[in-house]
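Reader: Hi! I'm new to reading protein structures, and I'd love a close look at one part of this one. Could you walk me through it slowly?

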Amino acid sequence: MPFYHALVRPGLLADDAREGFANDVVEIHCGVTGAPPSFVHVLVTEDDAGRLGEDAEASIVGTIRAGRTDEQKAEMTGRMSEALARRAGVAAADVTATTRDIEASFTMEGGQLLPEPGSPEEEEWKLIGSAGS
């Protein structure tokens with residue numbers, strides 16, 4: 001379910017850097033939340049429409065299940081900003097990152113509604129995701 005969209009300036013990331021960043025995102029999200037890697041989705045697109053503005057090289061928006069703590073979200077966005085900046089060879093201050101919460105009951109993974117973070121059903125759900133890894 002977690003879906004991360006990185007919007008980058010055209011030509012900023014070579015294919016290998018994109019792949020490396022996607023792996024960084026999976027590692028960071030799973031390390032902080034305990035989610036199975038197979039559930040994390042990452043999309044990197046180039047900003048051909050000029051949506052980034054003049055001051056940013058890239059932005060990351062993560063759509064994640066509601067219920068994560070502010071500390072978890074701050075750790076994930078901080079680490080992802082740093083990872084993208086490192087892969088792109090730009091200053092971390094030129095990369096913005098944010099998350100938006102979505103209710104677990106509004107989303108599905110593998111044809112099943114997602115459980116709330118920390119609920120008893122979450123452990124069973126994680127086993128399903130781990131089997132797909």
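Reader: I'd like to zoom in on strand S3: how many bridges join S3 to S4, and do the two run parallel or antiparallel?

Author: Happy to. Keep in mind that this is a predicted model. S3 and S4 run parallel, and eight bridges join them. For one spot along that pairing, look at threonine 63, which sits opposite arginine 100 in S4.

Now turn to S1, the other strand to look at beside S3. S1 and S3 are paired over six bridges, and here the sense is antiparallel. You can pick out some of the facing residues yourself. Valine 8 is opposite alanine 58 of S3, alanine 6 is opposite isoleucine 60, and tyrosine 4 has glycine 62 as its bridge partner.

S1 also pairs with S2, this time in the parallel sense, again over six bridges. Phenylalanine 3, for example, has histidine 41 of S2 as its bridge partner.

Put those pairings together and you get an open sheet of four strands, in the order S2-S1-S3-S4, with mixed pairing. S2 (41-46) and S4 are the edge strands: each has a single partner, so one side of each has no neighbour in the sheet. On average, neighbouring strands in this sheet are turned by 15 degrees against each other, if you ignore direction.

Next come the helices that pack on this sheet. H1 touches S1, S2 and S3, and its direction makes about 145 degrees with that of S2. H2 touches S1, S3 and S4, and its direction makes about 145 degrees with that of S4. Try tracing the chain through these pieces. S1, H1 and S2 form a right-handed β-α-β unit, and S3, H2 and S4 form a right-handed β-α-β unit too.

How covered is S3 itself? Mostly: seven of its eight residues are buried.

Let's stay with H2 for a moment, since it follows S3 in that unit. H2 covers residues 70-88, and its 19 residues should span 27 Å at 1.5 Å a residue; the end C-alpha atoms are 27 Å apart, so the expectation and the model agree. Its buried residues are Lys73, Met76, Thr77, Met80, Ser81, Ala83, Leu84, Ala85 and Ala88. What covers them includes strand S1 (3-8), helix H1 (15-33), strand S3 (58-65) and strand S4 (95-102). Just past the end of H2, glycine 89 takes a positive phi of about 70 degrees.

Serine 81 is a nice residue to click on in H2. Its relative accessibility is 9%, and the cut-off for buried is under 20%, so serine 81 counts as buried. Leaving out residues up to four places away in sequence, serine 81 touches Ile60, Val95, Thr96 and Ala97.

H1 passes the length check as well: its 19 residues should span 27 Å at 1.5 Å a residue, and its end C-alpha atoms are 27 Å apart, so the two agree. Glycine 34, just after H1, has a positive phi of about 85 degrees.

Now for the nonpolar side of the story. The largest nonpolar core has 24 residues, and the members that touch the most others are Tyr4, Phe21, Ile60 and Leu84. S1, H1, S3 and H2 each give at least two residues to this core, with the largest share, seven residues, coming from H1. Another core lies apart from this one; it has five residues, among them Met1, Phe39, Ala104 and Trp125.

Go back to tyrosine 4, the residue bridged to glycine 62 in S3. Setting aside its neighbours within four places in sequence, tyrosine 4 has contacts that include Val25, His29, Ile60, Val61, Gly62, Ile64, Met76 and Met80.

For contrast, look at glutamate 124, which lies in helix H3 (residues 120-131). Its relative accessible area is 58%, and exposed means over 50%, so glutamate 124 counts as exposed. If you want to place glutamate 124 relative to S3, use isoleucine 64: the two are 60 residues apart along the chain, and their C-alpha atoms are separated by 19 Å.

So, back to your strand: S3 pairs antiparallel with S1, runs parallel to S4, and has seven of its eight residues buried.

Note on methods: Residues are numbered from 1 along each chain as its sequence is written. This is a predicted model: local features need pLDDT of at least 70, side-chain atom pairs count only at pLDDT 80 or more; totals for chains, interfaces and linings use all residues. Side-chain values use heavy atoms; hydrogens and water are left out. The expected span of a helix is 1.5 Å times one less than its number of residues. Buried means under 20% relative accessible area, exposed over 50%, partly exposed in between (1.4 Å probe, protein chains only). Contact means heavy atoms within 4.5 Å. A nonpolar core is a set of buried Ala, Val, Leu, Ile, Met, Phe, Trp, Tyr and Cys residues joined through side-chain atoms within 4.5 Å. Two strands pair if DSSP finds at least two bridges between them. Axes are lines fitted to C-alpha atoms, for helices over the stretch in contact, and angles run from 0 to 180 degrees between N-to-C directions. A crossover is right-handed if, with the strands pointing away from the viewer, the path from the first strand over the helix to the second runs clockwise.
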